[in-house]
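Open the structure in your viewer and keep the sequence panel beside it. The tour goes from one selection to the next and says what is there.

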Amino acid sequence: MTEPSQTEAEELRREAPELDPEMLARREAALRHVRKFGDPVLKSRAAEVESFDDGLRTEIERMGLLMDDAFGVGLAANQVGLLRRFFVYRVSDDGPLQALVNPVIEWSSDDEETFDEGCLSLPQVVVEVTRPAQLRVSAQDPFGGPVKLEAEGLEARVIQHELDHLNGVLIIDRTTRGQRREAMRSLRELGSGF
Ligand code: ZN
């Protein structure tokens, strides 16, 4: 078994620190719970969350732990096989875990930025994605309360990446044709069985 590269442990651009064997084992275990490219759940649109019960909050907490173990910045419900509209993210190591349920982009800037993105569901793929630089989002919190937020920089990028997941859209759908072709080749070489 080959050692995972750094990009494999990223969702977006968070650098994985030097990992001791225990952290590495935890990361690999976490990544095994993340659905990978080829799984139809990643190409499906997730449904609105209607009941804000303990089950939802438990799932959010579980996804937060999984994301941290995997050294991810964000994780959408589709990625753990749940077709429901919510995701978690944490843009800095000591920042709070954010969970947005039924998120909607109310406004995004004409101003765009292009950055490399990776995805926990697309091992070893890093492609350039151009996205609006700022946005306003409305959503609900895990108890169903209203959330309004403005985001820019990495946070705006993570929110758009995760919201794409809820709509069945992946980074390879958002990059150039050339980078998509290269990404598909490297995914095929990994032999994920698709
Ligand atoms: Zn992703």
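Begin by selecting Val 104 and Ser 138: Val 104 stands opposite Ser 138, which is in strand 6. Strands here are DSSP runs of E with at least two residues, helices are DSSP runs of H or I with at least four, and both are numbered from the N terminus. Extend the selection to strand 3 (residues 98-108) and strand 6 (residues 134-140). These two run antiparallel and are joined by 5 bridges. Two strands count as paired if DSSP finds at least two bridges between them.

A note on what you are looking at: this is a predicted model, in which local features need pLDDT of at least 70 and side-chain atom pairs count only at pLDDT 80 or more, while totals for chains, interfaces and linings use all residues. Residues are numbered from 1 along each chain as its sequence is written, and side-chain values use heavy atoms, with hydrogens and water left out.

Next, select Pro 103, which also lies in strand 3. Is Pro 103 buried or exposed? Its relative accessibility is 3%, so Pro 103 counts as buried. Buried means under 20% relative accessible area, exposed means over 50%, and partly exposed is in between (1.4 Å probe, protein chains only).

Now show what surrounds Pro 103. Leaving aside neighbours within four places in sequence, Pro 103 is in contact with Arg 85, Phe 87, Val 137, Ser 138, Ala 139, Leu 163 and Leu 166. Contact means heavy atoms within 4.5 Å. Take Arg 85 from that list: Arg 85 and Pro 103 are 18 residues apart in sequence, and their C-alpha atoms are 7.3 Å apart in space.

Stay in strand 3 and select Asn 102. Asn 102 is not a glycine, yet its phi is positive, at about 50°. Asn 102 has 9% relative accessibility and therefore counts as buried.

Move to Phe 87, whose bridge partner in strand 3 is Leu 100. Strand 2 (residues 86-89) pairs with strand 3 in the antiparallel sense, over 4 bridges. Strand 2 is also joined to strand 1, by 3 bridges, and those two run antiparallel. To see one of the pairs, select Gly 74 and its bridge partner in strand 2, Tyr 89.

Now colour the whole sheet. In what order do its 5 strands come? The order is 1-2-3-6-7, in an open sheet with antiparallel pairing. Strand 1 (74-76) and strand 7 (146-152) are at the edges with a single partner strand each, so one side of each has no neighbour in the sheet. On average, neighbouring strands of this sheet are turned by 40° against each other, direction ignored.

Add helix 2 (residues 54-69), which packs on the sheet and touches strand 1, strand 2 and strand 3. The direction of helix 2 makes about 40° with that of strand 2. Axes are lines fitted to C-alpha atoms, for helices over the stretch in contact, and angles run from 0 to 180 degrees between N-to-C directions. Then add helix 3 (residues 153-166), which lies across strand 1, strand 2, strand 3, strand 6 and strand 7 and runs at about 120° to strand 7.

Select Phe 71, in the loop between helix 2 and strand 1. Phi of Phe 71 is near 55°, a positive value in a residue other than glycine.

Finally, show the full chain: 4 helices and 7 strands. Of its 194 residues, 46% count as buried.
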